[in-house]
Amino acid sequence: MNYLLQLVLILVLTKLGAHLANRFKLPTVIGELLVGVLAGPAVFHILTYGTFIHYFAEIGVIILMFIAGLEGDLKQLFHYWKPALTVATLGVIFPTAAAVLLCVGMFDFSLKTALFLGLILSATSVSITVQVLKEMSYLNTREGAIILGAAVADDIICVVLLGISTSLFGTASTQNSSIIGMAVPKVLFFVIAIALAKWLVPVFLKIASKIQSSENVTTGALILCFGFAFLAVEMGMSDVLGAYIAGLAISETNFKEQLAAKIEPIGYAVFIPVFFVSIGLEITFKGMQNDLLFIGLLLFVAILGKQIGGAIGGKLFGLTWNEANIVGAGMVSRGEMALVVANVAVSAGLIDHNHYTAMIVVTVMATLIAPSMLKVFIQRGKRVVSGIQLNKTSEAKS
């Protein structure tokens, strides 16, 4: 199918999907994700995941996380680094341990295969969560800061565990990649990114503002966004992490409000809808009938492990149970990091292609379920707060 026709179909269908989701009081992202499932190989086979959709989706998720950084609060993020790290750590331990027990105990997997399956389930992707938090005006809250900080820490923990696992259990080629060799570029990335964010970004935007051309500051911001994303990929980190750091850096400048108003229409008009559809396009039901029990149980473990781990982590730092559950639900969504771990596991010969497909299905299904879970907990929290405020008003009057 011609790429222009694909783009027309995606834009029309995602707007209809978002509209229907709103009518049924669901997060709009659910409607856009389901468009991908229904229009893709799983059901009607109208769209297929190809080069065009891949690159548009990559740009979409990069811009989405850049916007999240732009709207972020760096001071608040640093303030909550302890609960964020705790949430990330428990959010890795719980699903990984549960998956290992399940795979070894029920399905007779080897320990190394079970460990890699657990690692796939431990990787969080916050891009879908960000969309729901934005919709619910919950991004710049304590829970939002903890979720975003935990997502960054989660990526780092998964990379370290992946390095250890491949060095211990992988094939000769993967074992040759030492843990230090994998970790050093990632640590170096944070050093370079922080230095650039502090000293380069403000100067670069001031220079861009003096250039006499249309949308010069907006273009300058996008250069920083994609430049940081490129740097992250080159140093072994996720591109969305680089874009998020670039957004955070800009959020500390005087250009924050101006750029947020300019970048959001670019992302949400074209690129971000393609990203959401691309996730649904990964789903296929071919050959799944033989692995339904395996997929169902792993999906249960994937959701419950992150929810419990994240909620306990939040509760340890004084959050109410509902606030802690919001944090847990915010960590349920999976994405690019889970796919990276799955690809390494296949390359190392630790899982076969049938189980790789099953893990992709579990990853996508968890991502489809996560937004509704998050919305339910946020709405419940808002009702609790409203009830408390109403009681205080009544007591004051009496």
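How closely do the axes of H11 and helix H12 come, and at roughly what angle do they cross? This is a predicted model, and that helix pair is a good place to begin reading it. Two packed helices are described by the angle between their axes and the distance between the axes. For H11 and helix H12, which spans residues 239-251, the axes come within 7 Å and cross at roughly 140°. Because angles over 145 degrees would count as roughly antiparallel, the crossing at roughly 140° makes H11 oblique to H12. The crossing of H11 past H12 is right-handed. On the H11 side, the contact is made by Ala221, Leu224, Cys225, Phe228, Ala229, Ala232 and Val233, and H12 contributes Asp239, Gly242, Ala243, Ile245, Ala246 and Ile250. Sorted by character, the residues of this contact between H11 and H12 comprise 11 nonpolar, 1 polar and 1 charged.

Let us zoom in on one residue of that contact. Gly242 sits in helix H12, and its relative accessibility is 0%, so it counts as buried. Which residues does Gly242 touch, leaving aside its neighbours within four places in sequence? They are Phe189, Phe228, Ala229 and Ala232. Of these, Ala229 deserves a second look: Gly242 and Ala229 are 13 residues apart in sequence, yet their C-alpha atoms are 4.2 Å apart in space.

Now follow H11 back to where it begins. Asn216 belongs to this helix, which covers residues 216-234. With a relative accessibility of 16%, Asn216 counts as buried, because the cut-off for buried is under 20%. A polar atom of the Asn216 side chain lies 2.6 Å from the backbone oxygen of Ile211. Ile211 also appears among the residues that Asn216 touches beyond four places in sequence, together with Ala208, Ser209 and Lys210.

Next comes Glu215, in the loop between helix H10 (179-210) and H11. Its phi is positive, about 50°, although Glu215 is not a glycine. At 40% relative accessibility, Glu215 counts as partly exposed. A positive phi turns up at His45 too, this time about 60°, and His45 is not a glycine either. You will find His45 in the loop between helix H2 (28-39) and helix H3 (51-70). His45 has 49% relative accessibility and therefore counts as partly exposed.

Let us return to helix H12, where Ser251 has its place. Is Ser251 buried or exposed? At 8% relative accessibility, Ser251 counts as buried. The Ser251 side chain reaches the backbone oxygen of Leu248 at 2.5 Å. Setting aside neighbours within four places in sequence, Ser251 is in contact with Gly69, Leu70, Gly72 and Lys256.

Our last stop is another helix pair, made up of helix H7 (residues 127-135) and helix H13 (residues 256-281). Their axes come within 12 Å and cross at roughly 130°, which means that H7 is oblique to H13. H7 passes H13 in a left-handed crossing. From H7, the contact draws on Ser127, Ile128, Gln131 and Lys134, and from H13 on Glu264, Tyr268, Phe275, Phe276 and Ile279. The residues of this contact of H7 with H13 divide into 5 nonpolar, 2 polar and 2 charged.

Notes. Residues numbered from 1 in each chain as written. Predicted model: local features only at pLDDT ≥ 70, side-chain atom pairs only at ≥ 80, totals over all residues. Heavy atoms only, no water. Helix = DSSP H or I, 4+ residues; strand = E, 2+ residues; numbered from the N terminus. Buried < 20%, exposed > 50% of the residue type's maximum accessible area, 1.4 Å probe, protein only. Polar contact = N/O pair within 3.5 Å; in protein donor to acceptor, adjacent residues only side chain to side chain. Contact = heavy atoms within 4.5 Å. Axes fitted to C-alpha atoms, helices over the stretch in contact; angles between N-to-C directions. Parallel < 35°, antiparallel > 145°, perpendicular 65-115°, else oblique. Left-handed = near helix turned anticlockwise from the far one by under 90°. Nonpolar A, V, L, I, M, F, W, Y, C, P; charged D, E, K, R; others polar.
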